[in-house]
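Subject: Structure handover and notes

Hello,

I am passing on the structure we talked about, and I would be grateful if you could open it alongside this message. Please look through it once on your own before reading my notes.

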Amino acid sequence: FEQSISRDPRFALAYVGLADSYTYSGFAGRFSSEAAHRSALEAIHKALQLDDTIGEVHDTLGVLKWRYEWNWEGAEREFNQAIAMSPSYSCAREDHAIFLAFAGRRDEALAELDRASELDRSPSFALTESSVYFGLRDYPGLIAASQKGIVADPKEWLQHSYLAAAYVGTGKNLEAIAEYEKVIEMTGGDQGSVAALAHAYALAGRRARAESIIRDLEQKSKTAYVSPYIFAVMYAGLDQKDRAFRFLHQAYAEKSLDMSWGLHADSGLDNLRSDPRFQSLKQRVGFAE
């Protein structure tokens, strides 16, 4: 994208692509959320200056407003504008479907997913489908979607992660452990998956294994960044709720990207959901009642 911009500095879509690269690199932890957000905004605002009539610009703004800024109303306006301007742009409909799922609007999310499927039947669409069912907390649907995605692309680790989350959500903790172990092997130790594995170990009664993972990550956090959110998930698995909330509040203070994703859908936090502290956090992140 930078090469494209150097050749044609007035090509708006190249700036959108650059903004998307920063946005999703932030999700993957390749940049801090602050750095990713800042760089993505700089690129997308340049695209807006060049051409504010293309839907791709507004789709990226919708993702930024939702995941990075917790501005749910602003995000929906941008997604709707993206679709109105570029109705055949499948990414806008896919992002909107995922957003609607996390907003708890099941019928609208599935309807938008159907519309997106008419535009995009590429292998990447399978991840969108799994993301929607994950956001809806529809674990039978997620099992079906992620298994189908794994058949289409066995090397897509995110599908294995979704399948593991669905197994946790349906009480199949041993199956979840096996899937998370695959994910960790495929990714070389993705931190979120390591934490989810510890949580699954705890649920399966293997507390010593879970506590060993926590100790390892605590040691790692002394020399490298480890998201406080994943400590919350691990301590929730051990039913140490006060510790879990301490880390969730730290994740909130850091404006962790996990908060706009996991607070609604992550089954690893289910034993915290009835606590008034959890409901307060959800409201502050912008989730509807």
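Below are my notes, arranged by helix, core and charged pair.

Please keep in mind throughout that this is a predicted model.

A good place to begin is helix α12, which covers residues 191-203. At 1.5 Å a residue, its 13 residues should span 18 Å, and because the C-alpha atoms at its ends are 19 Å apart, the expected and modelled lengths agree. This helix is mostly covered, since 10 of its 13 residues are buried, and among the buried ones are Val194, Leu197, His199 and Tyr201. Which helices do the buried residues of α12 pack against? They pack against α10 (157-169), α11 (173-187), α13 (207-220) and α14 (228-237). After α12 comes Gly205, whose phi is positive, near 85°.

One of those neighbours, α11, contains Glu179. Is Glu179 buried or exposed? With a relative accessible area of 8%, Glu179 falls under the 20% limit and therefore counts as buried. Its side chain is joined to that of His160 by a polar contact of 2.8 Å. Leaving out residues up to four places away in sequence, Glu179 touches Leu163, Ala164 and Tyr167 as well as His160.

Another buried residue worth finding is Ala92, which lies in helix α6 (residues 90-102) and has a relative accessible area of 0%. Apart from neighbours within four places in sequence, Ala92 is in contact with Asp59, Ala82 and Ile83. Ala92 and Glu78 are 14 residues apart in sequence, while their C-alpha atoms are 9.5 Å apart in space.

Turning to the interior, the largest nonpolar core has 73 residues, and those with the most contacts inside it are Tyr180, Leu248, Met259, Leu263 and Leu269. A second, separate core has 21 residues, including Ile5, Tyr22, Ala47 and Leu257. If you select Met259 and set aside its neighbours within four places in sequence, you will find it in contact with several residues, among them Trp70, Tyr229, Leu248 and Phe287.

Finally, there are the charged pairs: how many salt bridges does a search of the whole structure find? The search finds 13. In one of them, the side chains of Asp138 and Arg106 meet at 3.1 Å, N to O. This pair links distant parts of the chain, 32 residues apart, with Asp138 in the loop between α8 (125-135) and α9 (139-152) and Arg106 in helix α7 (residues 106-119). Asp138 is buried, at a relative accessible area of 15%, whereas Arg106 is partly exposed, at 37%.

Asp270 forms a salt bridge with Arg137, in which the closest N and O atoms are 3.0 Å apart. These two residues are 133 residues apart, Asp270 being in the loop between α16 (259-265) and α17 (276-285) and Arg137 in the loop between α8 and α9. Asp270 is partly exposed, with a relative accessible area of 31%, and Arg137 also counts as partly exposed, at 25%. The side chain of Asp270 also meets that of Arg273 in a salt bridge of 2.7 Å, N to O, and Arg273 counts as buried at 15% relative accessibility. Elsewhere, salt bridges that share partners join Glu76, Arg105 and Glu108 into one network.

Best wishes

How values were computed. Residues numbered from 1 in each chain as written. Predicted model: local features only at pLDDT ≥ 70, side-chain atom pairs only at ≥ 80, totals over all residues. Heavy atoms only, no water. Helix = DSSP H or I, 4+ residues; strand = E, 2+ residues; numbered from the N terminus. Buried < 20%, exposed > 50% of the residue type's maximum accessible area, 1.4 Å probe, protein only. Contact = heavy atoms within 4.5 Å. Expected span 1.5 Å × (residues − 1). Core = buried A, V, L, I, M, F, W, Y, C linked by side-chain atoms within 4.5 Å. Polar contact = N/O pair within 3.5 Å; in protein donor to acceptor, adjacent residues only side chain to side chain. Salt bridge = Lys/Arg side-chain N within 4 Å of Asp/Glu carboxyl O.
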